[in-house]
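User: I'd like a close look at one part of this model, the sheet and what it leads to at the DNA. Walk me through it in one go, please.

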Amino acid sequence: MRKRIIFHIDVNSAFLSWEALEQLKNGSDVDLRTIPSIVGGDPSKRHGIVLAKSIPAKKFGIVTGEPVFQAIRKCPDLTIVPPSHHIYAQQSKAMSDLLLSYTPDIEKFSIDECFMDTTGLRLRYGEDYMALAREIKDKIRDKLGFTVNIGISENKLLAKMASDFQKPDRIHTLFPEEIQEKMWPLPVTQLYMVGKASASKFNRMGIKTIGDLANTKPDLLEQQFKKYGSMIWNYANGLDDSPVQSQEMDAKDLSNETTVSFDITDKETARLYILSLSETVGMRLRKAGLHAGVVAIHLKNSDFETYSRQKKLENATQDTNTIFSVASALFEQAWKRDPIRLIGVATSQLQRNPVKQLDMFDLTGTKQTDRVRLEESIDKIREKFGHDYVTRGSLLHFRQNQEKNK
DNA sequence: TCTGGGGTCCTAGGACCC
DNA sequence: TCTGGGGTCCTAGGACCC
């Protein structure tokens, strides 16, 4: 008997499948999944990359992350759908609710992936994990209307690797005794946590496949890649003892950034963007009940160079005005007067119950909580009537101009 | 018509303290 | 005047994921 049986459930072309369902629901007679189609941004607003592709689109060599215009060059008849994240959140929840009807041992790993520890289901399902996987897969397809891949193994890493094998609507196992045959021949890039940068370093060392990596001396990897080296050696050998984390953890960072349609070249425009970004960050912090200990500004210039400045706060905050004033000060410090393509406001060291640094001479503390209360009531009104129902004077003009540029 | 947005984790260097 | 370690905190940047 196996120690644990872990499932990794992965929605096939998630965003695209979910857009297809939405269109069918709204009376469309084409299923996006059956034609060359992508979910992608608008290139004229410089948001133009491929977020998801249909299987017919994949046959044209279209890959996730590539510029939309390039995808069109590969397939001139491509259908392009803009992303709608609120729909994805709903579908994602529908899937995790369905899985939760089996066991509470579910970890939501991303918007379209879950881990499931089925060990606790043995009493009801016995050792026939394949039958259980088939039941889950088919129930998702029949009740929710989209397909998933399920990967099965003794740990999360192997289950995840298994769900990535042939798609769609498939179940694969990758137990330790199958590693050599099913995982080792794959190129290193296919291993979870090996990206472009590490892959090219490995290649230079003569490590081409996951098997090569597994059979490299762990000391050598650790010496060259520190912690990452030993982790990746373990992964290549199928070793991972991390538990399925059913309890949702508080977020550690929270940020909002945007690529602007036209480069920002003046401070005033930058400040308006920073205000707007600070508002969403503040709103999301308040909604999550979290306070930020650090505020940062992120910039990307027209040469795609990125840089940032951050500042630790005396007192953690969820107040828009505080975030805005710190972020704008950081911007003034950091900005190299280069044309800015992307601007972001980020917060980190998030805390649920911040310890307040008391200062007898500082009476602004009470002002800040008053302001947070005001902002919370504005949040509620906006949630009910839409974001633009309450708008700052300085942003009003700005938003109207943005609308015009759409 | 080039290249999104939101996260997590790690490392390296400097400041500062003992 | 030079020579130390060790530890913590902070900042900037970069790798990876979906």
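Which residue in β12 does V295 stand opposite?

Analyst: V295 stands opposite T347 in β12. Bear in mind that this is a predicted model.

Let's start from that pair and work outwards. β12 covers residues 340-351, and β10 covers residues 291-301. β10 and β12 pair in the antiparallel sense, with ten bridges between them. β12 also has β9 as a partner: eight bridges join the two, and they run antiparallel as well. If you want a spot to click on in that second pairing, take E257, whose bridge partner in β12 is G344.

β9 takes us on to the DNA. This strand, residues 253-264, is one of the elements that give two or more residues to the surface near DNA strand B, along with α3 (68-74) and α11 (218-236). β9 holds the largest share there, seven residues. In total, 26 residues sit around DNA strand B, and those that come nearest are F69, K226, K252, D253 and T259. By residue type, this surface splits into eleven nonpolar, nine polar and six charged.

Now for the other DNA strand. Around DNA strand C there are 19 residues, of which S110, G195, A197, S198 and K312 come nearest. Two elements give two or more residues to this surface: α9 (196-204) and β11 (306-317). β11 gives the most, with seven residues. The make-up here is seven nonpolar, six polar and six charged.

Away from the DNA surfaces, there's one more piece to look at, helix α1. It spans residues 14-25, twelve in number, and reaches 16 Å from its first C-alpha to its last, close to the 16 Å expected at 1.5 Å a residue. A run of its residues is buried: A14, F15, L16, S17, W18, E19 and A20. What covers the buried residues of α1 includes four strands and a helix, namely β1 (6-11), β2 (37-40), β3 (50-53), β4 (79-81) and α4 (85-100). After α1 comes G27, with a positive phi near 95 degrees.

To trace the main path again on screen, go from V295 across to T347 in β12, then from G344 in β12 over to E257, and follow β9 to the surface near DNA strand B, where it supplies seven residues.

Technical notes: Residues numbered from 1 in each chain as written. Chains lettered and ligands numbered in written order. Predicted model: local features only at pLDDT ≥ 70, side-chain atom pairs only at ≥ 80, totals over all residues. Expected span 1.5 Å × (residues − 1). Buried ≥ 20, exposed ≤ 12 C-beta atoms within 10 Å, placed from the backbone. Contact = placed C-beta atoms within 7 Å. Near = placed C-beta within 6 Å. Nonpolar A, V, L, I, M, F, W, Y, C, P; charged D, E, K, R; others polar. Pairing = 2+ DSSP bridges.
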